[in-house]
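Hi there,

Here is the structure I promised to pass on. Have a look, and my notes on its aromatic rings follow underneath.

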Amino acid sequence: MFYRLKANYALRGWEEMSWVLVHRPENKERLLTQEMFQILLLCDGETELPEACLDDAMREALNQCIKEEIVEVLPEAQPMEADQYYRYYHNRYIRRVFWSITGRCNFRCRHCYMDAPDAMLGELSTEQAFDLIDQMADCGVLRVDITGGEPFVRKDFWQLIDRILSYKMTVTQVYTNGWMLNEHVLNEFERRGLKPEMDISFDGAGWHDWMRGVSGAEDAALRALKLCSEHGFYVSVGMCIHRGNIDLLPKTIEKLRSVGVTEVKTAHVDTTDLWKRFSEGNDLTWEEYVDAMLPYIEWYYEAGKPIESLELGGIAAMSREGPCEMNVRHYDGTDKCLDCYLCRPTRWSCYITPEGRLLPCMPMTASPEQERFPKVQDIGLRQGLMDSYYMQFVDSRVKDLFAANAECNSCEYRYDCGGGCRAQALAADHDLMGCDRDMCRMWKEGYVDRIQKELERINKKYDLL
């Protein structure tokens, strides 16, 4: 009897993560047991597997694979497709690459990390971008999220998408201002079998044009959101909170709901150099942001849960299903945190700037310290993911921060906050191992306790637990 891995599966492995089953086209990964991995290696459509030759563990694994429709039974030999066979990548596993394909933009946002539309960080040529995509494939990258600048300003946008798809990588998210998002664009995605999540900012009813620096930006965003909803594209909306729109969340959500939006996330505007120059008095301190957002927790439930989910960035997350939860980054209050990674999200993803620089996250582009990190075209993506200044940071632990930062090391809350966000520390003090002052205030001024007590009250009052 012959057994073959079904066409929508492939076997892959990376350093410290050797036995993985990839389910296409979404490229969802599944860690395998040794027995299941071994049996799937034999399910190539060419190797005959007499049941008498299988021990109990392998027979059980085979039956499980058949039951889950991972493999199919064949009466005669029929080989798999070439790229389904096991491939091992000599680099660490990256779940996704978050890639700014350009620094150019058709908007003039007052808080831009990379000073678009002046394109401070430029963009790679088509040939350089192709080479970067080739390197992603050679490192086993499964998913690519696209952002800018504004990604649709690139004339070779669809060439880049097609290059990504040619390696059976997938595009999971596209971040856009919505101005250039039209029926043709969505049709082109659908023609390629893609329906990425569309992330479109909307910074408050009546304030979006001001924030984005372009007349008509608000109408364009609403039009794009409605169009995505009509085509069945999932959309997520981010709202930057400042002094001018601080009271407009209910009105904004109502307007967004009318065009099919189901998920909204708020965020405190990061203090970039541009925002310092162009906020026109609308900047908020972190404390003012938290004070303003806390009442919206109860508002969400009093208003009848008007959208499926509302996340108040750095504070709490509410949804129609389950309790409201705190999303302040924290640890368990013991020294167990010392061996935790300094920035957990960077273990599974990386950010690549328009000029090809490998960074832990996009906000770091706002700091000149980004130049300490390598460019992919200088050292190659594989080396960047294995032996580089970038990897030194990714592998850093909380104890490394405390060793370099006496103030954090002596703080009574050090085992709770773990030092906070490195991008925030870098933006404030140009020090990767500096203090995240917002997180300092969250703990020292009692905001974390205040948030926790409010969530406990709300969960009890509305019987959410």
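**Rings and charges**

Arg95 lies over the face of Trp348, at 4.9 Å from the ring centre. A second arginine, Arg96, sits over the face of Phe98, with 5.4 Å to the ring centre. Please keep in mind that this is a predicted model.

Now to the rings themselves. A pair of aromatic rings is described by the distance of the centres and the angle of the planes. The structure holds 23 aromatic pairs. One of them joins Phe157 and Trp158, whose centres are 4.9 Å apart and whose planes make an angle of 85 degrees, an edge-to-face arrangement.

Phe157 also pairs with Phe189: here the centres are 6.1 Å apart and the planes stand at 85 degrees, so this pair is edge-to-face. It links distant parts of the chain, as Phe157 belongs to helix H4 (residues 157-166) and Phe189 to helix H5 (residues 183-191), 32 residues apart.

Are these three residues buried or exposed? Phe189 has a relative accessibility of 0%, so it counts as buried. Phe157 is buried with a relative accessible area of 3%. Trp158 has a relative accessible area of 19%, and because the cut-off for buried is under 20%, Trp158 is buried too.

These contacts belong to a wider group: ring pairs link Phe152, Phe157, Trp158, Phe189 and Phe233 into a cluster.

Happy browsing, and best wishes!

Conventions: Residues are numbered from 1 along each chain as its sequence is written. This is a predicted model: local features need pLDDT of at least 70, side-chain atom pairs count only at pLDDT 80 or more; totals for chains, interfaces and linings use all residues. Side-chain values use heavy atoms; hydrogens and water are left out. Rings of Phe, Tyr and Trp (its six-membered ring) pair if their centres lie within 6.5 Å; planes under 30 degrees apart count as stacked, over 60 as edge-to-face and the rest as tilted. Buried means under 20% relative accessible area, exposed over 50%, partly exposed in between (1.4 Å probe, protein chains only). Helices (H or I, at least four residues) and strands (E, at least two) are DSSP runs, numbered from the N terminus. A charge sits over a ring if NZ of Lys or CZ of Arg is within 6 Å of the ring centre and within 35 degrees of the ring normal.
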